[in-house]
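Welcome, and please open your viewer. We will go through this protein stop by stop, and at each stop you will hear what to select and what is there.

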Amino acid sequence: MQGLSERQYAARVGLSRGAIQKAKAAGRLVLHEDGSIDAEASDARRAAMTDPSKSRRTTASKLKPVPDAAVSAVGDTLREQGLAAPPVGSGTTFLQAKTANEVLKAQERRIRLQKLKGELVDRARAVAVVFRLAREERDAWVNWPARAAALMAAELGVEAATMQKALEKHVRAHLDELAEVRPEFR
């Protein structure tokens, strides 16, 4: 016999003989001509074909390093949802990354649904509408002294031109104060 028997290979990898028989039937094991199992080649094939989330054990040496930015993003997403995030510099587990991915997918679906329902608006469009409304309001205030000065001057018994100059001065001062306000759109 060139390789290992099903029982020997099962003991080597920590699985039941039934699991090894299923893997053999599914073609996840490499067999020698005599039907015995080539352990090293089978280990490599099983590792390549097995989803890490379905694996009961994973050795750290087989895992690829994850960029710090990705770990940070996973931590941020988990913290936003009130879940435990990995400590800084300790890396992240596959389960934490998978949880963060599922949370992000759920958030995307919720945003898409809110957009379809009309609960969300396009940011650029909203900013443009606010800008247009503010400009219209400013223009209305700039034109108001010319319209109101004659009426107010008649009521108070003063000259209309003097009243208009006084109103324009105060309206311009007020608009200058408002021009300093810079709203933040988040």
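Here is a puzzle to start with: are helix 1 and helix 2 roughly parallel or roughly perpendicular to each other? Keep it in mind while we get our bearings.

This is a predicted model, in which local features need pLDDT of at least 70 and side-chain atom pairs count only at pLDDT 80 or more, while totals for chains, interfaces and linings use all residues. Residues are numbered from 1 along each chain as its sequence is written, and side-chain values use heavy atoms, with hydrogens and water left out.

**Stop 1: the whole chain**

Show everything as a cartoon. You will find seven helices and zero strands, so the elements read α-α-α-α-α-α-α from the N terminus on; helices (H or I, at least four residues) and strands (E, at least two) are DSSP runs, numbered from the N terminus. Now switch on the surface. The accessible surface is about 14500 Å², and 56% of this area belongs to carbon and sulfur atoms; such areas come from the Shrake-Rupley method with a 1.4 Å probe, and for residues only the protein chains shown count as cover. Of the 186 residues, 17% count as buried. Buried means under 20% relative accessible area, exposed means over 50%, and partly exposed is in between (1.4 Å probe, protein chains only).

**Stop 2: helix 1 against helix 2**

Select residues 6-13 for helix 1 and 17-25 for helix 2. Two packed helices are described by the angle between their axes and the distance between the axes. Here the axes come within 9 Å and cross at roughly 105 degrees. Axes are lines fitted to C-alpha atoms, for helices over the stretch in contact, and angles run from 0 to 180 degrees between N-to-C directions. That settles the puzzle: helix 1 and helix 2 are roughly perpendicular to each other. The angle classes are under 35 degrees for roughly parallel, over 145 for roughly antiparallel, 65 to 115 for roughly perpendicular, and oblique for the rest.

To see who does the touching, show side chains. Helix 1 brings Glu6, Arg7, Tyr9, Ala10 and Val13, and helix 2 brings Arg17, Ile20, Gln21 and Lys24; contact means heavy atoms within 4.5 Å. Sorted by kind, the residues of this contact are four nonpolar, one polar and four charged. In this sorting, Ala, Val, Leu, Ile, Met, Phe, Trp, Tyr, Cys and Pro count as nonpolar, Asp, Glu, Lys and Arg as charged, and the others, Gly among them, as polar.

**Stop 3: two charged residues**

Select Glu6, which is found in helix 1. Is glutamate 6 buried or exposed? Glutamate 6 counts as buried because its relative accessibility is 16%. Leaving out residues up to four places away in sequence, glutamate 6 touches Arg17, Ile20, Gln21, Lys24 and Ile37.

Next pick Lys24 in helix 2. With 28% relative accessibility, lysine 24 counts as partly exposed. Beyond its neighbours within four places in sequence, lysine 24 is in contact with Glu6, Leu29, Leu31 and Gly35.

**Stop 4: the largest nonpolar core**

Select Tyr9, Ala10, Val13, Ile20, Ala23, Leu29, Ile37 and Ala39 together. These eight residues make up the largest nonpolar core, meaning a set of buried Ala, Val, Leu, Ile, Met, Phe, Trp, Tyr and Cys residues joined through side-chain atoms within 4.5 Å. Helix 1 gives the largest share, three residues. Centre on tyrosine 9: apart from neighbours within four places in sequence, its contacts include Leu4, Ser42, Asp43 and Arg46.

**Stop 5: over to helix 5**

Move to Gln107, placed in helix 5 (residues 94-117). Glutamine 107 counts as buried, at 16% relative accessibility. Not counting residues up to four places away in sequence, glutamine 107 touches Glu80 and Gln81.

Follow that link to Gln81, in the loop between helix 4 (68-80) and helix 5. Glutamine 81 counts as partly exposed, at 40% relative accessibility. Try the distance tool here: the C-alpha atoms of glutamine 81 and valine 103 are separated by 8.0 Å, although the two are 22 residues apart along the chain.
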